[in-house]
2 protein chains.
Amino acid sequence: MLSRGYSSIGVAEICARADVRKGSFYHFFDSKQALTIEALDGHWRDQRAAWVSVLGATAPALTRLERLARIQAAVQRQAKDETDAVNGCLFANLALELSSQDQAVQAHLQQIFDEQIQLVHATLQEAAADGTIPADRATRTIARAVVAQLEGMVMFAKLSNDPDVLDDLWTQIQLLIGSGQLTRLQPARGGLTPPQAVASD
Amino acid sequence: MLSRGYSSIGVAEICARADVRKGSFYHFFDSKQALTIEALDGHWRDQRAAWVSVLGATAPALTRLERLARIQAAVQRQAKDETDAVNGCLFANLALELSSQDQAVQAHLQQIFDEQIQLVHATLQEAAADGTIPADRATRTIARAVVAQLEGMVMFAKLSNDPDVLDDLWTQIQLLIGSGQLTRLQPARGGLTPPQAVASD
């Protein structure tokens with residue numbers, strides 16, 4: 001389902017791959033939808049444990065967030081090595097394939113993304129408390145932008161089947177959260193201002 | 001296909017909806033894949049004309065880019081009003097459903113996203129020439145980050161069926177391109193630095 005999506009796989013094929021009879025399948029699951037929700041929740045239980053482990057480690061908040069970003073590239077690189085395909089993110093794949101058709105799956109996906117955003121948000125609040133990002137970047141809106149950046153970049157990695165695309169993710173997240181090293185303009189007041197390096201003092 | 005995805009719709013249903021016979025369908029298209037590519041390219045021709053019109057207008061480069069961002073919210077709001085569903089982006093929907101299964105569709109999608117990134121990149125270069133963003137933000141990598149942010153946020157709008165999610169998009173793009181108004185830290189050198197407003201002078 002991670003590599004081929006939801007609609008193109010039937011219960012018969014799932015049973016054949018798992019070497020079980022259709023009767024047994026329906027003994028455990030009411031439908032393909034029920035199996036999908038079970039698979040989603042199971043995948044998130046594992047991924048959530050990994051996120052909590054990385055974000056809850058003993059290290060500065062930004063270091064933990066950087067590790068989380070770099071792990072995304074590593075996960076897709078491993079998929080590429082093992083299956084020759086960057087499979088992307090199961091949650092985003094199903095969100096874009098199914099969300100307007102299947103409200104039960106949609107509700108589970110929303111819950112999962114809300115938890116991802118909450119985990120990032122909590123880490124941003126720690127970074128703001130440390131003084132390593134500005135306080136006005138430690139919001140739920142910015143945390144959602146960080147997860148949106150991750151998902152958009154994972155889509156490009158999947159589309160180009162190239163995990164290296166994700167090597168830029170941490171730099172981009174730093175721009176969103178205000179800890180980046182690129183130059184930034186002073187806002188112009190009634191005139192044009194030349195580019196200026198923030199890191200110059 | 002925009003609302004229900006690719007795999008769940010068969011040629012028979014397409015023909016029924018269009019009131020044509022299957023024989024006629026195969027007279028014009030070799031396969032559902034061929035129709036999909038035709039639909040993708042047609043959708044991009046229309047969307048590209050809109051992007052070129054907005055980005056090529058007579059206005060400062062950043063104003064044009066802001067219009068492009070705000071139009072994304074308007075497009076999804078219109079879809080919601082008309083169909084009660086935020087359908088998201090056809091290209092991303094198909095990229096995540098199909099890209100690892102169908103190389104011909106994948107190649108067309110890559111080409112379309114490359115053109116989107118190129119259009120944004122050209123506008124960033126104009127903004128840098130104006131002095132309204134720093135020169136080191138006017139790169140293809142940053143342009144790709146902008147499109148990734150757009151696609152990630154469109155996914156969240158689709159998943160929550162709420163076009164208002166996209167009202168934050170322009171602020172987030174400004175952070176990526178270095179023209180935003182939020183505060184930003186001076187990079188700390190061997191110590192913690194308190195948040196500081198860039199706009200204070």
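Select B:I71 first. With 14 C-beta neighbours inside 10 Å, B:I71 is classed as partly exposed, because the buried class requires 20 or more such neighbours and the exposed class 12 or fewer. B:I71 sits in helix α4 of chain B, which covers residues 61–83. Add B:W51 to the selection: B:W51 and B:I71 are separated by 20 residues in sequence, and their C-alpha atoms are 9.6 Å apart. The model on display is predicted, and the predictor assigns the complex an ipTM of 0.82 and a pTM of 0.83.

**Chain A as a whole**

Now display chain A and colour by secondary structure. Chain A contains 8 helices and 0 strands, and its order along the sequence reads α-α-α-α-α-α-α-α. Of the 201 residues in chain A, 38% are buried. How many of the contacts between residues at least 6 apart in sequence join residues at least 24 apart? In chain A the share is 58%.

Next, colour chain A by pLDDT. The average is 84, and 79% of the residues score at least 70. Which elements of chain A have the lowest and the highest mean pLDDT? Helix α2 (residues 22–28) of chain A has the lowest, at 67, whereas helix α7 (residues 140–159) of chain A has the highest, at 97. Then select residues 186–201 of chain A, where the pLDDT is below 50. Beyond near neighbours in sequence, this stretch nevertheless has 29 contacts in the model.

**Helix α4 of chain A**

Select residues 61–83 of chain A. This helix, α4(A), has 23 residues and extends 33 Å from its first C-alpha to its last, close to the 33 Å expected at 1.5 Å a residue. Show the side chains of its buried residues: A:A61, A:L62, A:R64, A:L65, A:L68, A:A69, A:A73 and A:Q76. The cover over these buried residues includes α3 (32–55), α6 (103–130), α7 and α8 (169–177) of chain A. Move to the end of the helix and select A:D84, which follows α4(A) and has a positive phi, near 65°.

**The contact of α3 with α4**

Keep α4(A) on screen and add α3(A). Two packed helices are described by the angle between their axes and the distance between the axes. Here the axes of α3(A) and α4(A) come within 8 Å and cross at roughly 145°. Which residues make the contact? From α3(A) they are A:W51, A:V54 and A:L55, and from α4(A) they are A:R64, A:R67, A:L68 and A:I71. By character, the residues of this contact comprise 5 nonpolar, no polar and 2 charged.

**Helix α7 and the nonpolar core**

Proceed to α7(A). The 20 residues of α7(A) should span 28 Å at 1.5 Å a residue, and the 28 Å between its end C-alpha atoms agrees with that value. Is α7(A) mostly covered or mostly uncovered? It is mostly covered, with 18 of its 20 residues buried.

Within this helix, select A:V146, and select B:V146 as well. The largest nonpolar core has 95 residues, and A:V146 and B:V146 are those with the most contacts inside it. Leaving aside residues up to four places away in sequence, A:V146 touches A:V120, A:I173, A:L176 and A:I177.

**The loop between α7 and α8**

Follow chain A past the end of α7(A) to A:N161, in the loop between α7 and α8 of chain A. Phi of A:N161 is positive, near 50°, in a residue other than glycine. A:N161 counts as partly exposed because 18 C-beta neighbours lie inside 10 Å.

Switch to chain B and select B:N161, which is placed in the loop between α7 (140–159) and α8 (169–177) of chain B. B:N161 is not a glycine, yet its phi is positive, at about 50°. With 18 C-beta neighbours inside 10 Å, B:N161 counts as partly exposed.

Return to chain A for the last selection, A:D164, also located in the loop between α7 and α8. Is A:D164 buried, partly exposed or exposed? A:D164 has 13 C-beta neighbours inside 10 Å, so it counts as partly exposed. Add A:A74 to complete the tour: A:D164 and A:A74 are 90 residues apart in sequence, but 9.2 Å apart in space from C-alpha to C-alpha.

Key. Residues numbered from 1 in each chain as written. Chains lettered and ligands numbered in written order. Predicted model: local features only at pLDDT ≥ 70, side-chain atom pairs only at ≥ 80, totals over all residues. Helix = DSSP H or I, 4+ residues; strand = E, 2+ residues; numbered from the N terminus. Contact = placed C-beta atoms within 7 Å. pLDDT = per-residue confidence, 0-100. Expected span 1.5 Å × (residues − 1). Axes fitted to C-alpha atoms, helices over the stretch in contact; angles between N-to-C directions. Nonpolar A, V, L, I, M, F, W, Y, C, P; charged D, E, K, R; others polar. Core = buried A, V, L, I, M, F, W, Y, C linked by C-beta atoms within 7 Å.
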